[in-house]
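Got your viewer open and a hand on the mouse? Let's take a walk through this one, stop by stop.

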Amino acid sequence: MSNRPRVRFAPSPTGSLHIGGARTALFNWLYARHHGGTFVLRIEDTDKERSTPENTQAILEALRWLGLDWDEGPEVGGPYGPYFQSQRMERYREVIEKLLAEGKAYRCYCTPEELERKRAQAQAEKRQYRYDRTCRDREDQPDLPYTVRLKVPLEGTIAFEDRVYGRIEVSCEALQDWIIARSDGTPVYNFVVVLDDIDMKIDLVMRGEDGLNNTPTQLTLYQALGVEPPAFAHLPFILGPDRSKLSKRHAPVSVLHYRDQGFLPDAMVNFLARIGWSYGDQEVFTREELIEKFSIENIGKTAGVFPADKLVWLNFERIRAMDPARLAERVKPFVEKAGLPLPPDDRLAWICRLQQDRAKTLVELVEISRYFFTRTPIDPKAGQKFLTGPSRELLLEARAAIEAASDVSEATMKPALEGLAAKHGVGLGKIAQPLRVALTGGTASPGIYDVIEFFGREECLRRIDEALAQFSVDSGGELA
RNA sequence: GGCCCGUUCGUCUAGCGGUUAGGACGUCGGCCUCUCACGCCGAAAGCAUGGGUUCGAUUCCCGUACGGGUCACCA
């Protein structure tokens, strides 16, 4: 392998990018960036039925969101394009003809019905079915539909050294003369993937564990073509809680879903990297650290369950560590989506600073901050408890203290409110909770001085007055 | 079923012949405290199983069990 390796990610646009695909993309990207190589993106859109341009766009969007930029591929081009398989058909046909001409492949006139019959028979006799090579040495070319099959070696073994799993060896008897072109002339996946990897000069194929069983078959094609195969590295699966391959019945698997739920791309990347890869005891990585520390040697062989809790934690860590102004930029779209009025940038950053160690996602951050953006209804139970009876008296005194204070900074409010509490022989909580309910509508919020300072004197007084008006003096509750 | 791969706390994992088997998430308990969080301290929790090899196996080899994958004119 050259010291500037070329690797690729080759998704099929039959859906948007899912967690497993994203991790495969990430590992390839990390490998390329670590070695100063080239990351190629290729779209495997030969399945006309299920591939759509919308899915392709969704995949590109997800990749961009994750920050996995490709050096060659859709929208950026490159010397080995086109990067859509649907546009490479001519090339495939050409190679199929060549293989046929060289006698390395042959036309098979067996009908699907015949093949199905033989398969059923084998099954009935409890024999392993393998194509019986009826047409392998056939000389004539009747005017009938045919598929093209590759002549695979009759005996011997096919072996390769997987960079993750080590030496893999299978007997040729386990293989068969596989179809490389369907009766309509279109090539099959195992064929095109090999050809594209050759043409795009891929040095290392890093893909999911399911590729492991395909590799020997693909190797027979490299052999027939007389081409030195690339290196292979297969990645252990990501599993669902029931330990089968992760799918949407286990958890949302679309990367874009996590974006919309308020996860940060860096958290996602960190999370993805740690499934099946590790670096000693380290859990939290910046993107740069991942690039620097990534290596195939540290990829494990064991499939692992999707650790959703860890993603949440990682996201939380990220949010907490972010500069409030930068966090505010990220939060902005979520404020708009929630239908809340967008405050000036510095005010939004202020909110972020007050809430960033209370929210696990950006969606949650906005959700627990609604009262900062707009006046929200007071929780009836909280109002009942803290805006009536004895609490009400304390709140009135707190109101007076706010009104009388020279300013509403923590430096002046703290002694004022603590003095009030001391005067009544109660804990600060007796003062802070009624205030909190009046100001925020609920019983959970950042520190009371932070809240007061954020709103400012006028807004505090207004909110307190409104709150008091909504609840009566006695314990009767709301006036309605 | 044939073939291929895998198996360390509930989960993600470190370990690469001798360790009190380490970390993290989660869980539970405590501390802090104006609420909610944060933070801090602590606890419970693991080498699938049977044989070898070896002075000594979580670690190396074989079997068993369990799990996954793959065997298409899908990708």
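In what kind of crossing, left-handed or right-handed, does helix 17 pass helix 19? Keep that in mind while we get set up. One thing to know early: what you are looking at is a predicted model.

**Stop 1: helix 17 and helix 19**

Select residues 410–424, which make up helix 17, and then add residues 448–470 for helix 19. The axes of these two helices come within 10 Å and cross at roughly 125°. An angle over 145 degrees would count as roughly antiparallel and 65 to 115 as roughly perpendicular, so helix 17 is oblique to helix 19. As for the opening question, the crossing is right-handed.

Now show side chains. On helix 17, pick Glu410, Met413, Lys414, Leu417 and Glu418; on helix 19, their partners in the contact are Tyr449, Asp450, Ile452 and Glu453. Colour them by class and you should find 4 nonpolar residues, 5 charged and no polar ones.

**Stop 2: helix 18 meets helix 19**

Keep helix 19 on screen and add helix 18, residues 429–440. Here the axes come within 8 Å, with a crossing of roughly 75°. The two helices are therefore roughly perpendicular to each other.

Which residues meet here, between helix 18 and helix 19? From helix 18, select Ala432, Leu435, Arg436, Ala438, Leu439 and Thr440. From helix 19, select Ile448, Val451, Ile452, Phe455, Cys460, Arg463, Ile464 and Ala467. Colour by class again: this contact has 11 nonpolar residues, 1 polar and 2 charged. Ile452 may look familiar, since that residue also takes part in the contact with helix 17.

**Stop 3: RNA strand B**

Next, select RNA strand B and show whatever surrounds it: 56 residues do. The closest are Arg182, Asp357, Arg358, Arg436 and Ser445. You have already met Arg436, in the contact of helix 18 with helix 19. Of the strand's atoms that come within 4 Å of the protein, 68% belong to sugar and phosphate.

Try colouring this surface by class too: there are 21 nonpolar, 18 polar and 17 charged residues.

Zoom in on a few polar contacts:

- Glu283: an N or O atom in its side chain is 2.7 Å from a base nitrogen of the RNA.
- Lys310: an N or O atom in its side chain is 2.8 Å from a base nitrogen.
- Gly276: a polar backbone atom is 2.8 Å from a phosphate oxygen.

Zoom back out to see which elements give two or more residues to this surface: helix 4 (112–124), strand 6 (166–171), strand 11 (304–305), helix 10 (308–321), helix 18 and helix 19. Which of them provides the largest share? That is helix 10, with 5 residues.

**Stop 4: helix 5 and helix 6**

Move on to residues 189–199 (helix 5) and 215–225 (helix 6), whose axes come within 10 Å and cross at roughly 55°. That angle makes helix 5 oblique to helix 6. The crossing is right-handed.

Light up Tyr189, Asn190, Phe191, Val193, Val194, Leu195, Asp197 and Ile198 in helix 5, which meet Thr217, Gln218, Leu221, Tyr222 and Leu225 in helix 6. By class, that gives 9 nonpolar, 3 polar and 1 charged.

**Stop 5: a loop with two backbone details**

Last, find the loop between helix 2 (53–66) and helix 3 (89–101), where Pro82 sits. Look at the peptide bond from Gly81 to Pro82: is it cis or trans? The bond is cis, with omega near 0°.

Glu75 belongs to this loop as well. Check its phi, which is near 70°, a positive value in a residue other than glycine.

Methods. Residues numbered from 1 in each chain as written. Chains lettered and ligands numbered in written order. Predicted model: local features only at pLDDT ≥ 70, side-chain atom pairs only at ≥ 80, totals over all residues. Heavy atoms only, no water. Near = heavy atom within 4 Å. Polar contact = N/O pair within 3.5 Å; in protein donor to acceptor, adjacent residues only side chain to side chain. Helix = DSSP H or I, 4+ residues; strand = E, 2+ residues; numbered from the N terminus. Nonpolar A, V, L, I, M, F, W, Y, C, P; charged D, E, K, R; others polar. Axes fitted to C-alpha atoms, helices over the stretch in contact; angles between N-to-C directions. Parallel < 35°, antiparallel > 145°, perpendicular 65-115°, else oblique. Left-handed = near helix turned anticlockwise from the far one by under 90°. Contact = heavy atoms within 4.5 Å.
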